[in-house]
Amino acid sequence: MSNYAPFIKPQVEYNEHGWGPCEVPEMDVPYQPFCKGDRLGKICDWTVPPQERKFANKYASSFGNSGQYAYFHEDDDTTFHLVDTTGSRSQKPYQRGRFRPNMRSTARGGRGRTGRGSGPTGMGGGPTAGGGTGNSTKYGKTRDTRRFQGRRFGRNAPSRLRESSVVVRSEWVSVEELDFSRLLKLSLPNVKEGLDIVTCGSLEYYDKVYDRVNLRNERALLKMDCIVHTVSTTDDPIIRRLSRTMGNVFATDEILATIMCCTRSVYSWDVVIEKLGTKVFLDKRDNARFDLLTVNETSIDPPMDEEGSINSAHSLATEATLINHNFGQQVLRSGDQEPRFKLDEPNPFQEPGVQLASLGYRYRQWDLGNGIVLVARCKHNGVVQGPSGEMQFLTIKALNEWDSKAANSVEWRQKLDTQRGAVLASELRNNACKLARWTVEAVLAGSDQLKLGYVSRVSPRDHLRHVILGTQQFKPQEFATQINLNMDNAWGILRCLVDLVMKQPDGKYLIMKDPNKPMVRLYDIPENTFESDEDDEDDSSDTVPNSTDA
């Protein structure tokens, strides 16, 4: 036995509190979040042609936008050589009858989808027979065309990976994951109408001339030189004043609508939460894309992020946001001689020498039960005098058409006057989340009417000039029923997230929609997160100028 090497038992660590190693060595290695669903690809392959743009990020990480492992070359150009990937065209050997048409289908003779007529053409079931009209041509060709469309990838087509709205950091702690199937089962019925606490600002009257706009009488969309403030929750002076005496949950209507309609969202978004004692503030990050409107978010083939393209997702979002601001001001009767409907207090965001857009703010209060009192800032875009002389508050929004063929939508200039229902149904299919958010905002604000405008490009290749093709109005509650928006479920989702945050200790949290999965994640983040970005931003970042060419 002395001739054999001794066997030393290896030390096996047993983790009693979980799985994995008991201790992690301290190494200066950056943290990279990963997902078990990511595809594994090759590092380099010179033999295959370049991938298509549609599936360019097939092997990208689900968390995306993290360039800490990116390689930056400096002096490698001298050793870089191009590789010829064209290859040589191989000559096929001579085949007898290679260019002769396929005779198998000819021999079968005009066989339709019913299976009748197995004889040759011109006999019992052929296209020239008395009882047949060529069923194979009438039905089979179109159906086979649809059947073989997209067969290149089939059911295993790689899904398009989207980037998260914010990069998940290593020090963030995941508190909870809520999938949409669970959120859709929630319900909070019998939530009463909100009570007005403070009303601020002044509103202009709606110009009824735009109700008669149609395809034959279209109007050009003009550039309106005015400022729209997008102040966050904690920067609002009215909310700061109200938080001292009433309420324990504070937010804005845009933040509430995003959370309450989260089950319809596809793109990633995030909301910052600050818990101080028994008070919770729902806020947004500065210089984020939170205020930009999405375009074709729920479409089967949403816009791609092509840098420099006018039809990229970010370019379309910016275009839609500016169209909404301009349309919401153009349809109002503005001017020094025109009357204005003034609310109780002046605009809290008024600045000397700055022309603000017509907006009226209503700070409202809701009792959600279990001691939770919600205070939120809502807004109206205009007013109109009703048939009985009463004042009706309006929420004015605009849908925009950019390219009906690329968007797989209905041609507005052909269907808007005759089949407006088909146009609206197409928008509900492609922009379900955006329309649901607008409806929730109108319901929260207590608007009497929801005005929708249809704005289209003058030319699909010109994203700077637009025309107004028509308008349509709805009552918010009836429109919510029409688009299958359950407000009890929306209140239940909000109440669930608030209860989840109330159980946590004081600190800072983040709600983020997963970019590629139907779920919402809650993270516990450090107090100084996002503060470095906020210090670099000026106060001008809280304003959105209405400056797009009509």
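So, salt bridges: this structure holds 20 of them, where a salt bridge is a side-chain nitrogen of Lys or Arg within 4 Å of a carboxyl oxygen of Asp or Glu. The general idea is that side chains of opposite charge can pair when their charged atoms come close.

Before the examples, the small print. This is a predicted model, so local features need pLDDT of at least 70 and side-chain atom pairs count only at pLDDT 80 or more, while totals for chains, interfaces and linings use all residues. Residues are numbered from 1 along each chain as its sequence is written, and side-chain values use heavy atoms, with hydrogens and water left out.

Okay, pair one. K451 and D211 meet through their side chains, at 3.1 Å from N to O. This one links distant parts of the chain: K451 sits in strand β13, residues 449-459, and D211 is in the loop between β2 (195-204) and β3 (219-220), 240 residues apart. Helices and strands here are DSSP runs numbered from the N terminus: H or I with at least four residues for a helix, E with at least two for a strand. How buried or exposed is each partner? K451 counts as buried because its relative accessibility is 4%, and D211 counts as partly exposed because its value is 37%. The cut-offs: buried is under 20% relative accessible area, exposed is over 50%, partly exposed is in between, with a 1.4 Å probe and protein chains only.

Pair two also involves β13. R457 bridges to E319, with the closest N and O atoms 2.8 Å apart. Again distant parts of the chain are joined: R457 is in strand β13, E319 is in helix α6 (residues 313-330), and they are 138 residues apart. Both R457 and E319 are buried.

Now pair three, R240 with D235, where the closest N and O atoms are 3.6 Å apart. R240 is partly exposed because its relative accessible area is 47%, and D235 is partly exposed too, because it comes out at 32%.

There's also a network: salt bridges link E193, D196, R362 and R364.

Zooming out, what does the whole chain look like? There are 13 helices and 17 strands in the protein chain, and 42% of its 550 residues count as buried. Taking contacts, meaning heavy atoms within 4.5 Å, between residues at least 6 apart in sequence, 74% join residues at least 24 apart. And the exposed surface? The chain exposes about 33200 Å², with carbon and sulfur atoms supplying 49% of it; that's Shrake-Rupley with a 1.4 Å probe, and for residues only the protein chains shown count as cover.
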